[in-house]
Structures are given as C-alpha cells and as structure tokens.
Amino acid sequence: MRACVSWLKQWVDPGNIEKLSEQLTLAGLEVARIEPAAELSDRINVVIGRIISCAGHPDAERLQVCEVDVGEESSLTIVCGAPNARKGLLTACAKVGATLPKMPVDAVAIRGCESQGMLCSAMELGMDSSSEGIIEFDHDAPPGYSVVEYLKLSEPVVEFELTPNRGDCLSMLGIAREVAGIYGRAVQHAGGRQVAAEIEDVLPVELEATGECPRYVGRVLQGVNHSWKTPDWIIERLRRSGMRSINLIVDVTNYVMHELGQPMHAFDMKKIRGGVRVRTAFQNELLHLLDGKEVKLGPDYLVIADHERAIALAGIMGGADTAITSETETVFLESAFFAPDAIRGKARRLGMQTDASHRFERGVDSEMQIKAMEMATELIIGVAGGSAGPLIHSVSEADLPRHEPILLKPSDLDRVLGDAINPNMTESILCNLGFAVEQIPEGWRTKAPSWRFDIQNSHDLVEEVGRCFGFNAIQPRVRTFLPDTQDERETGISVHDVKLRMVSLGYHEVVTYSFVDPTVQDRLIPEGESTIVLENPIAENMSVMRKSLWPGLLEAVSKNLNRQEKRVRLFEVGTVFEAVQRGVSHQEKRMLSAVACGHVNPRQWATTETPIDFFDLKGDLTNVLALTRDSSALTFRSVDHPIFQPGQGAEIRLGDRSIGLMGKLHPAHAKPLDIDVDLFMLEVDMQYLLHSEFPQFVDVSRFPPVHRDLALVVEEDVEFQFIEDAIRVSAGSLLKNIVLFDVFRGKNLNKNTKSMAFGLTFQSNLGNLTAHEIDGVIEKVIQDLKVKTNADLRE
C-alpha cells in the first residue's frame, strides 16, 4: 500500500512524516520506505510546454519539428519522435541545461535540424518504468510552470507493508483512521456528496447468492463523454499508488478503490442482457476476462451474470463481453460487498491476483458501497458530464456481517499490557478508531466498526489500546508470579530425549512441510480416502496434508544425493494427519520417521565400508526403544506394503500393539524420486516411545550359566521372529538369552531351505543346572519346533 502525503492530508493532518512513520510502524503498520514521488528534481529547466505547431521533419518520416511555448518571449524548436505529439498539446519540456534522471539535455542537431530541448515522457521524467509517448497535461496547465511544482513530484510517498489482517488499511481512508487513532485527531473528509438522479433508468438486480453477496449497489450513467481525459491530479495519485491511467471511467473506479477501499466495476450497459444476477457459477461455465483469458468455473465461484451468461468474476475481474469501450454510451456502475470466504483463494487458483481480490479476500467495509457509488458518480459526471439514474440498492440484511458487543475490563489491560491505562485515554482511543463504546460498571461494552474484520474478542481490544497508546510508553514493571510447575514422572521420556538418541546414532534432524504433493503421497501410501485435501493450497505440489513423514524425508534424501552426499541419515519427529470422516473430522498423530542409505560407518581408515541393510536400521530402532526399558517386547513381522521392496518390509510391534513400519524402499518408488541407492526407512508412533518401565531390582544368580548351540534346518519362508518366539515358549523361564549367530544356504541343504544357528543361554537362581535338565529342555524345543515349523536338527 502506497500513500502520498498530500492525499492523506485531505483526510487528516499527519504532522511530521518521519515521526508519523515511526509511530505507525510501532502501531503495527510497518513503513517500508519513504521516497519522493519521482526521480526528477530539476525545478527550473523542466517546465510545462504548449506545442504551438508541428511540422514533419524534412529528412525523417517519424520525426516532427515542434514549436513549443514555454512561457518565454520566444518559443523553442524541438525535434520530437513521440506518436502523440500534436498542436495544442501541453506536455513536459526539458530545456537545454536540464538534468533528467538518466541524462542531461543539450542542444543537438537531429538529421540537420537543431533541437533546443526535449519533450519528455513519464519514463524520462523518472515517473514510470515505460511510456508510449510524451506525457500529456490538462488543458489548463500553465506553460513555463515547473513540472516538479505542478505535479508536486518532490512530495514524499509512504509505502506500507501491511499484514493480512489489516485489509481496512488498503485505502487512504484506512490510513487516515489509523493516524487519527494514534494522534487523537478527527478524520475530516467523508467521501462524495449525494448525487441527485436526473434520469429514471434502472437495471433489475437479483441476489441469488445472498450469503456470498449480501449487498449490491448499482447505478446507470448516461451521456458520459469519453473524449475527456482523466484529470492530472487523479492520474498522479493513481501513479503514486502503483497504478497506470487507462481511461476516465476505469481511472475513477480505481481512484475510489484507493481512496475508500471499495473496489468497483463498470459495465457497458447496452451489452447487458436483461438484468444483473449475482449467483454462483455453473459447472464448467466459461467466462472471457478483461485480460484476454478464458477461465472455466465451478459452483464454488461467484459471478455477476445477466439473464443469459456470466459477465464478470465477482470480486476479481470483469468480463470482456461487457467491457467499456470508446463507443460506450451508457455505463452501469457496480459497488458490492462480497464475503471474504467467497473470494479468498479463487484468484490464486486461476493464477491471478488483482487489486480487487486482494481487498475482498481480506474484507471490505460492508457499509461503504453507497458512499463509493456517490463519489464515483460525482467524479465521472464532474469531468465528463452525463446524467445519473437513481441508486439501485439490493441488500440481504440478515447476511451482512455483524459485530457482537465485546466486554473490555480494565483488568484485561493491566493483565496483558502490564500497566493500567487511564480509563479516559482507553475510551478516547477506541472512539477515535471508530469503535462504539459504552461505559458500564464492569468496564466498556464495545462494538467494532464495520470495516474491522480482525476484532473478535477482548484481546484484540487490548492490542488496539496498547498499540495506539504506544507500547514504548508503557512503563516496565517487574511482576511477581508463581510458576505453574508440573510434576514430571520418573517414567516419562521427553521428545528431546528421543531426538538426542537419534543424533547419537549418527542421524541428522530435519523439518519438512506438513503440505505434500498428492501424487507422491498417493504413490507411497495408496489409501486415498483418509487424505485431507486443502481448500486453498499455496501450490499444486503442496495441496494435501501429509499422512506420513516419508514424502518429505524422501525429498530431502533426493536433494542430498544430488549434492554428492552418499551417506545420508535423516530423521524427523512431526505430526501426520488423517481424515476420520472426510470434511468433518480428522486425527493427528506424532510420529518418528527415519531414513538411511550408504555405508554403516563414516569413511575412515579403521573400518571397512559396509553397506547399510535392514538389520542396521532395526538395531538403531532397538537402541532408541531401549530408552523405554521395554525393548525386549519389540518384535518384527513380515508385511507386504507397496512402499517396500517385496520381502524387505516389516511391521514393528511392541508387545501386542502395532507401532509402525520399516523396510527397504521399493525401486519403483525410488526412481521417480531420483534415488538410485538402497534406502531403508522406518516410521513409529511416538506415543509408544515416551513412557518407560520403572526399573525393577532383579537378583543376580550365584550359579553359572549354561550355553548350548542349536542348528536347525527350516523352510526358506520361516522367519527368525517366529522361531525365537517358539523357542522362548518351549524353553520357559530357564532360557535367559537367544542369539542368531549364523544363517546358511547352499550345499548339502535341500532347495528352498536354510540353516539357522542359535546360541541359547540357560541359568537358574535356585541351583546349578545339570546336563540332564538342559537336554530335556533342548529336546522339548526341538519337538515343538518340528510341530510348528517342520524344523529338523541339522546334522
């Protein structure tokens, strides 16, 4: 938002601009910069000139030799190539010796004709980045008068960087209200005067979507003379606001938008068939916009239509079929209130952003439509003549925004700001900002003005008082309080503890977006019904909420691999989101996810480079679960999941609960992600990692352990976990430990079988174990395994 000071002064006295910018920044309206209206600073040699005559250049078809009156005794002869140079035109003339922003002006001979100066475009004056011809001034501009003084080019222009919640400040009126609230001054200007109807022409208006458009104001203007040029003062104010002049009617609607904050639109009334209907678009309805694009709409878009087709995209852009042209005789002006939710995100979805949508998305004043219409009518008729019809006002009062009263207590101010603001000062600040304030015994019953969409509760009112009073004016005070301590259980494990353990294992923590690419997520996790789709995504590849941390981690792995990092170990602790009932409810879970590829250890002289495998990642997870003192209950079950390579995926179980998955990324998924190495990954539910078993004292046996080795031949598809569970059940409490120390396939074994060698440790707290007792246990284990897995003792 850009505001020139002379325009602001019509509404309120801003005082010293440097001081004001500091005050506004402290009040939440950050001033990004203050700069002059244009780069031109030569007040003497750049003046207004009137072209007395134009004659073709004898040696150049596109050049003209102009005689220019600059208010001196004799005119100047200037060679000019601008297409709009013509007799009677008032323009900017840089005399010999003038200094323009990018060049000095000297007397030169152009194709044999001496030129005593230069006729300037807005670009050459430093007023614009491009121009199609020399600048044109109003017919009453005085020749010889300084251009800098005439256009007030030395006055400061203030540029604000507004936060999205302050859409009310996207106008001169909005900035003036803030200045008035800070300095306790009155806003002086109140918009255009009421224009009496001179004709009876009206256009029927129907509000079919009252929730999206509860107020629509229109007016018919007849006999507007299109030959009239937009006044210089309007052109200059628009330019300083960042807009170019187009034509009188469009310039006036833009001017009103910047002055009052109310976007408007003008239609060629003769191109409107029947009347105006404000409705939602039909499915796949087509609309040709003013920028030349054709868009396909759906029922979630709001359109302005006539009785046959859509003629404008409500709150965003007008349609080409009803655009104003030089042949337009009757104009229909529109000034409407569109609900922010009906407009928000729609322009961005179509790949555009307009000044109108920027304002409607943030909320415009629902009481400003008639004032804006009156001001636009007054400006157009005042410049170009014509006759105005009566106001056409369609409204659904029940659907207009309503601000409920909010109770503000003095104790709220003291508690939040740390200082008791004088009650009279509090009431004065709120009144200056446009709030309705009623003093009651408990404090103040306040009601936000129609232009403030960001005021919801008493905290917002405290902020308003604090920022206008000045946070730097609040005296610091040390307040005593008792900390709200929570008892920490000895069995509790913090997320920080889990992260530290992962870092100690050589992993690097990353933080990825909660918004992910639906294509990647659906490929990795096909269960699409539980996906939460964003209504207004910031990008097409970030349009759904993540159901897993893997999509973000895999993207991070790909980026690291592309940067020649061959050994990558990453982890993330974050929230995943799944829809329980689509569009109604969802659940969130905090997960720990990790990925690893490359070698087990960093490259160094004392170790060999061994590629990481499934069991390395399994060991890391077991190490983390050791924090819970319950890792003995950790088991792994083979699982078929589309994200894993067949035979390389496992379900992670803690006791009888499934807590996650781990495995090797399927090559079919790795290739599209530009991952050309073996990548292993895991993901577990964090709720099972944040509680540990309380340490229990266990007697240390005074009797020696007994070790036995057991080599079994089993079918290829028999899992270690199943055998381990069976051995533990059969061996009973005497078995203290079991280790798989060898797996053999090949010679002397039948096809599709393997040999698995286990080391068993037995021990008793009651006495020495005899060979007879151990043999009995081993025999029972072998018999049970034969029944359960068809295992044979290897010879």
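**Pockets, cavities, cysteines and a helix**

Trainee: Which strand gives the most to the lining of the second largest pocket?

Mentor: The model is predicted. In it, the second largest pocket has a volume of about 780 Å³. Several elements each supply at least two residues of its lining, among them helix 17 (614-625), helix 19 (720-731) and strand 39 (753-762). The element that gives the most, with 6 residues, is strand 38.

Trainee: Which residues lie nearest the centre of the second largest pocket?

Mentor: By class, the lining of this pocket has 12 nonpolar, 6 polar and 11 charged residues. Of its 29 lining residues, those nearest the centre are Phe614, Phe615, Lys618, Glu719 and Phe720.

Trainee: Which helix gives the most to the lining of the largest pocket?

Mentor: The largest pocket has a volume of about 1000 Å³. It is lined by 36 residues, and the closest to its centre are Ala122, Asp128, Ile235, Arg244 and Ser245. The lining divides into 14 nonpolar, 11 polar and 11 charged residues. With 5 residues, the element that gives the most is helix 5.

Trainee: What is the volume of the largest cavity?

Mentor: There are 5 cavities of 30 Å³ or more. The largest is lined by residues including Asp168, Arg177, Asp365 and Trp451. Its lining has 3 nonpolar, 4 polar and 3 charged residues. The volume of this largest cavity is about 90 Å³.

Trainee: How many charged residues are in the lining of the second largest cavity?

Mentor: The second largest cavity holds about 60 Å³ of space. Its lining includes Val5, Leu8, Ile17, Leu24 and Phe160. Helix 1 (5-9), helix 2 (17-26) and strand 12 (156-161) each give two or more residues, and helix 2 gives the most, with 4. By class there are 9 nonpolar residues and 1 polar residue, while the number of charged residues is zero: the lining has no charged residues.

Trainee: How many disulfides does the structure hold?

Mentor: A disulfide is a covalent bond between the sulfur atoms of two cysteines. The count for this structure is 0.

Trainee: Which cysteine has the sulfur nearest to that of Cys66?

Mentor: Cys66 is buried, with a relative accessible area of 0%. Cys66 is in no disulfide. At 3.6 Å, against a cut-off of 2.5 Å for a disulfide, the nearest cysteine sulfur belongs to Cys54.

Trainee: Why is the sulfur of Cys169 without a bond to the closest cysteine sulfur?

Mentor: Cys169 is buried, at 0% relative accessibility. The closest cysteine sulfur, in Cys468, is too far for a bond because the separation is 10 Å.

Trainee: What is the phi of Gly385, the residue that follows helix 10?

Mentor: Helix 10 (residues 369-384) has 16 residues and reaches 22 Å from first C-alpha to last, close to the 22 Å expected. Its buried residues include Ala372, Met373, Leu379 and Ile380. These buried residues of helix 10 pack against elements including strand 14 (215-222), helix 5 (232-240) and strand 22 (330-337). After the helix comes Gly385, with a positive phi near 75 degrees.

Trainee: Is Asp522 buried, partly exposed or exposed?

Mentor: Asp522 is in helix 15 (residues 518-524). Its C-alpha is 9.8 Å from that of Lys547, 25 residues apart along the chain. The relative accessibility of Asp522 is 38%, which falls between the cut-offs of 20% and 50%, so the residue counts as partly exposed.

Note on methods
Residues numbered from 1 in each chain as written. Predicted model: local features only at pLDDT ≥ 70, side-chain atom pairs only at ≥ 80, totals over all residues. Heavy atoms only, no water. Buried < 20%, exposed > 50% of the residue type's maximum accessible area, 1.4 Å probe, protein only. 1 Å grid on protein atoms, 1.4 Å probe; cavity = no way out; pocket = protein on both sides within 12 Å on 5 of 7 lines; lining within 4 Å. Points joined across faces, edges and corners; volume = space filled by probe spheres on them. Nonpolar A, V, L, I, M, F, W, Y, C, P; charged D, E, K, R; others polar. Expected span 1.5 Å × (residues − 1). Contact = heavy atoms within 4.5 Å.
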